[in-house]
Protein chains: 2
Amino acid sequence: METENGARWLSDEEQRTWRTHLEVSRLLTYQLERDLQPFGLTYNDYEILVNLSEAEDHQMRMSDLARATLQSKSRLSHQITRMENAGLVRRENCESDRRGLFAVLTDYGWETMKRVAPHHVAAVREHFIDLLSPRELESLQAALEPVAKHLRATRGRA
Amino acid sequence: METENGARWLSDEEQRTWRTHLEVSRLLTYQLERDLQPFGLTYNDYEILVNLSEAEDHQMRMSDLARATLQSKSRLSHQITRMENAGLVRRENCESDRRGLFAVLTDYGWETMKRVAPHHVAAVREHFIDLLSPRELESLQAALEPVAKHLRATRGRA
DNA sequence: CGGTATTTATTCAAATTTCAACTTAAATGG
DNA sequence: CCATTTAAGTTGAAATTTGAATAAATACCG
């Protein structure tokens, strides 16, 4: 099963799996976004909150946050500006590197996180985790981790 | 393992799998987008081309295309306008329902599709399919299909 | 040290996406 | 039939995202 220039097409099984994966990715994002709407947060907002919540002193360098959330610096900068306006985070200067800035979780941001997280987790369960058996969960992780590893590497050497 | 208001947190295993899935989704989209760049197409463009290519007479009603690609009608409308300007598709009136329009693949769109598809498929292989054993592929499909089904249903009754 | 290259982060403009308002046509139901 | 509701699709403005250009500070190297 070859294309004219030698590339191999996908078998039916491969194609089915590929499309299912794509569909799940998209619908899941879409659904989680929707489940956050009542709290006035986008998924992007939430992701920033998670990262800052888990970080030492509830703060991270802009660069690191951009890397962690897979966003461009420019995009993160805008994103943080918006969240700053919403009172969720603030920027703070970095002593040791005067080019640098920290994004810091505000008290309100932290309160918001604590309030919203349980609902978000419930949504993740409802739409993903609880639909998988322990065995399926395990094989999913086993299958996807190498893919993640590959993609991280590929992205890196861009 | 309960939150204050009764929601169950994720176990380490669950969390790891969840995050891996998220990461793969994102990096994969990102990578495929990048692999299409040399051809001057976005992933959205490509997806439209795929759908039209597989459709009867290389044409689809705007609504159906929007549904198939999980986009809003508005977004699709803009998208098609852009692709029309690029010469990849054209709009055509629908006889039987005079509100309706078809998006139709142009010759150039079809040529483009035939030219680009092998490269795209190769990318899908390189970054996903070929990293999975047949067994993993199978279990992935088995695990994700019910999730897809659930999400389709959930989305529907929105 | 002094100059050049990198890194960090922001900004502006252009492209894309979203959202609500609108138009036109078809379906529904007294 | 007519009136109303629903469906198909577009439009324009606002919000977000992208990408190149910029500014400022640090790192590197002869």
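**Opening question.** What percentage of the atoms of DNA strand D within 4 Å of the protein belong to sugar or phosphate? The figure is 67%, and the rest belong to bases.

**Ground rules.** This is a predicted model, in which local features need pLDDT of at least 70, side-chain atom pairs count only at pLDDT 80 or more, and totals for chains, interfaces and linings use all residues. Residues are numbered from 1 along each chain as its sequence is written, chains are lettered from A and ligands numbered from 1 in the order in which they are written, and side-chain values use heavy atoms, with hydrogens and water left out.

**Exercise 1. Describe the protein surface near DNA strand D.**

*Step 1: the residues.* A residue is near a strand if one of its heavy atoms lies within 4 Å of it. For DNA strand D there are 19 such residues. Ser74(A), Ser63(B), Ser77(B), Arg91(B) and Leu101(B) come nearest.

*Step 2: polar contacts.* A polar contact is a pair of N or O atoms within 3.5 Å; within protein, one must be able to donate a hydrogen and the other to accept it, and residues adjacent in sequence count only if both atoms are side-chain atoms. His78(A) places a polar side-chain atom 3.3 Å from a base oxygen of strand D. Ser77(B) has a side-chain N or O atom 2.9 Å from a phosphate oxygen. Leu101(B) uses its backbone: an N or O atom there lies 2.7 Å from a phosphate oxygen.

*Step 3: elements.* Helices (H or I, at least four residues) and strands (E, at least two) are DSSP runs, numbered from the N terminus. Two or more residues each come from α4 of chain A and from α3 (62–68) and α4 of chain B.

*Step 4: classes.* Ala, Val, Leu, Ile, Met, Phe, Trp, Tyr, Cys and Pro count as nonpolar, Asp, Glu, Lys and Arg as charged, and the others, Gly among them, as polar. The surface near strand D divides into two nonpolar, eight polar and nine charged residues.

**Exercise 2. Do the analysis again for DNA strand C.**

*Step 1: the residues.* Strand C is surrounded by 20 residues. The closest are Ser63(A), Arg91(A), Arg99(A), Leu101(A) and Ser74(B). Sugar and phosphate make up 70% of the strand C atoms that come within 4 Å of the protein.

*Step 2: polar contacts.* Ser77(A) has a polar side-chain atom 2.9 Å from a phosphate oxygen of strand C. Arg99(A) reaches a base oxygen, at 2.5 Å from a polar side-chain atom. On chain B, a side-chain N or O atom of Asn44(B) is 3.1 Å from a phosphate oxygen.

*Step 3: elements.* α3 (62–68) and α4 (73–85) of chain A and α4 (73–85) of chain B each give two or more residues. α4(B) gives the most, with five.

*Step 4: classes.* The count is two nonpolar, nine polar and nine charged.

**Exercise 3. Work out how chains A and B are related.**

*Step 1: superpose.* The fit is by least squares on the C-alpha atoms of residues with pLDDT of at least 70 in both copies. Chain B is laid on chain A by a turn of 180° and a shift of 0.0 Å along the axis, with an RMSD of 0.0 Å.

*Step 2: conclude.* The two copies are therefore related as by a two-fold rotation axis.

*Step 3: check the interface.* Contact means heavy atoms within 4.5 Å. Of the contact residues of chain B, 100% recur in chain A; the same surface serves both copies.

**Exercise 4. Place Ile80(A) and Thr17(B) in their surroundings.**

*Step 1: burial.* Buried means under 20% relative accessible area, exposed over 50%, partly exposed in between (1.4 Å probe, protein chains only). Ile80(A), in helix α4 of chain A, is buried at 0%. Thr17(B), in helix α1 (residues 12–36) of chain B, is buried at 1%.

*Step 2: contacts.* Set aside neighbours within four places in sequence. Ile80(A) then touches Ile48(A), Met62(A), Leu65(A), Val89(A), Arg91(A) and Ala103(A). Thr17(B) is in contact with Leu137(A), Leu140(A) and Gln141(A).

*Step 3: one distance.* Ile80(A) and Ala103(A) are 23 residues apart in sequence, yet 7.5 Å apart C-alpha to C-alpha.

**Exercise 5. Locate Leu70(A) and Asp57(B), and give the phi of each.**

*Step 1: Leu70(A).* This residue is in the loop between α3 and α4 of chain A. Its phi is near 60°, positive in a non-glycine residue. Leu70(A) is partly exposed, at 25%.

*Step 2: Asp57(B).* The loop between α2 (43–54) and β1 (59–61) of chain B holds Asp57(B). Its phi is also positive, about 60°. Asp57(B) is exposed, at 61%.
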